[in-house]
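Q: I have a protein model open in front of me and would like to learn how to read it. Could we go through some features together, step by step?

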Amino acid sequence: MTDARGSDGRIGETNARRAPGTPCWVSLMVHGPAATHDFYGALFGWEFRPGPQQLGPYARALLDGREVAGIGQLPPDRQLPTAWTPYFASDDVNRTAETVRLCGGTVGVGPLDAGEAGRMALGSDPAGAVFGVWQAAAHLGTAVTGRPGTPAWNELLTYEAAGVAKFYEKVFGFELLPDPSADRDYVTLRIEGRPVAGIHGVGDALPRDRGPHWTTYFEVADTDESAARLVDLGGHVLAPAHDTPHGRVATVADPEGARFTLLHAQR
């Protein structure tokens, strides 16, 4: 992790179209959306209202009336793992999807219109990690950052960072900043000089039941207190709270198994 603030580099409202490549939204597909709404509502203070239904039942999570994330329902006949998925901004989702294919990735969904909100696609990189592409129209993405209950950072856990970083560089135009430490396989992805996401190569330490995957960090006021509340709500702590140069973090999972990280960031 490099920057504990919102992935567009600002704190507060973000009612602006993001530069291509900037993480602009996070979405979760689950089997039981009602219970999931209750869980995240109690954990982060989110409320929910209906969103685009092109891929089935879908709701947008709001914090004090501002959109921060989305939760949809998986088809009941598909037992897929639940996971938070970041969406990266694009000015032309069709062109981005074609670039994904040309660079060795896969496009699994779309491109397709999400009503008047915008146009989207879901893809995976050559190592298998799933991500989204969002071409904004009425819906610009996460509307507030830098507050408890908002996405703060997105990080890819994969086998090896340098090779897959080249894929994201070609697809989204990221500037790559490798970590100079010899004992850490990490590449920071930057847009216009700003860090917006990271790629962490962990080799054999990658969870066998997940494979390469993106993980979202959510800002909280108190990491330890939020982790304790999460357990009371039926979630699980996968890595206990600990201090890092960027703040205090804990890796956790919701009741359906979707992993994410709680972060109390240093300012």
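A: Happily! Keep in mind that this is a predicted model. Let us start with Asn154, whose place is in strand β11.

Q: Is Asn154 buried or exposed?
A: Here a cut-off helps: a residue counts as buried when its relative accessible area is under 20%. Asn154 has a relative accessible area of 3%, so it is buried.

Q: Which side chain does the side chain of Asn154 join in a polar contact?
A: That of Thr216, at 2.8 Å. Leaving aside residues up to four places away in sequence, Asn154 also touches several others, including Pro23, Val26, Pro86 and Trp214.

Q: How do strands form a sheet, and what is the order of the strands in the open sheet here?
A: Strands of a sheet pair through backbone hydrogen bonds, in either a parallel or an antiparallel way. In this model, an open sheet of 8 strands runs in the order β12-β13-β14-β11-β15-β18-β17-β16, and its pairing is mixed. Its edge strands are β12 and β16, each of which pairs on one side only. From one strand to the next, the twist averages 25°.

Q: In which sense do β12 and β13 pair?
A: They pair in the antiparallel sense, over 4 bridges. Look for Pro178, which stands opposite Val187 in β13.

Q: Which strands does helix α3 lie across?
A: Helix α3 (residues 161-172) lies across β11, β12, β13, β14 and β15, and runs at about 145° to β14. Another helix, α1, lies across β15 and β18, at about 10° to β18.

Q: Which residues of helix α4 are buried?
A: Thr223, Ser226, Ala227 and Leu230 are the buried residues of α4. Look down the axis of α4: these residues fall within an arc of 100°, so they line one face of the helix. What covers them includes α1, β16, β17 and β18.

Q: What should I look for at the ends of α4?
A: At the N-terminal end, Asp222 acts as a cap: one of its side-chain oxygens lies 3.1 Å from the backbone nitrogen of Asp224. Just after α4, Gly234 takes a positive phi of about 105°.

Q: How many residues lie between the strands in the hairpin of β7 and β8?
A: There are 3 residues between them, and in this hairpin Gly115 takes a positive phi near 60°. The strands β7 (residues 106-114) and β8 (residues 118-124) pair in the antiparallel sense over 6 bridges. To follow one pair across, find Leu112, whose bridge partner in β8 is Met120.

Technical notes. Residues are numbered from 1 along each chain as its sequence is written. This is a predicted model: local features need pLDDT of at least 70, side-chain atom pairs count only at pLDDT 80 or more; totals for chains, interfaces and linings use all residues. Side-chain values use heavy atoms; hydrogens and water are left out. Buried means under 20% relative accessible area, exposed over 50%, partly exposed in between (1.4 Å probe, protein chains only). Helices (H or I, at least four residues) and strands (E, at least two) are DSSP runs, numbered from the N terminus. The arc is that of the directions from the helix axis to the C-beta atoms. Contact means heavy atoms within 4.5 Å. A polar contact is a pair of N or O atoms within 3.5 Å; within protein, one must be able to donate a hydrogen and the other to accept it, and residues adjacent in sequence count only if both atoms are side-chain atoms. Two strands pair if DSSP finds at least two bridges between them. Axes are lines fitted to C-alpha atoms, for helices over the stretch in contact, and angles run from 0 to 180 degrees between N-to-C directions.
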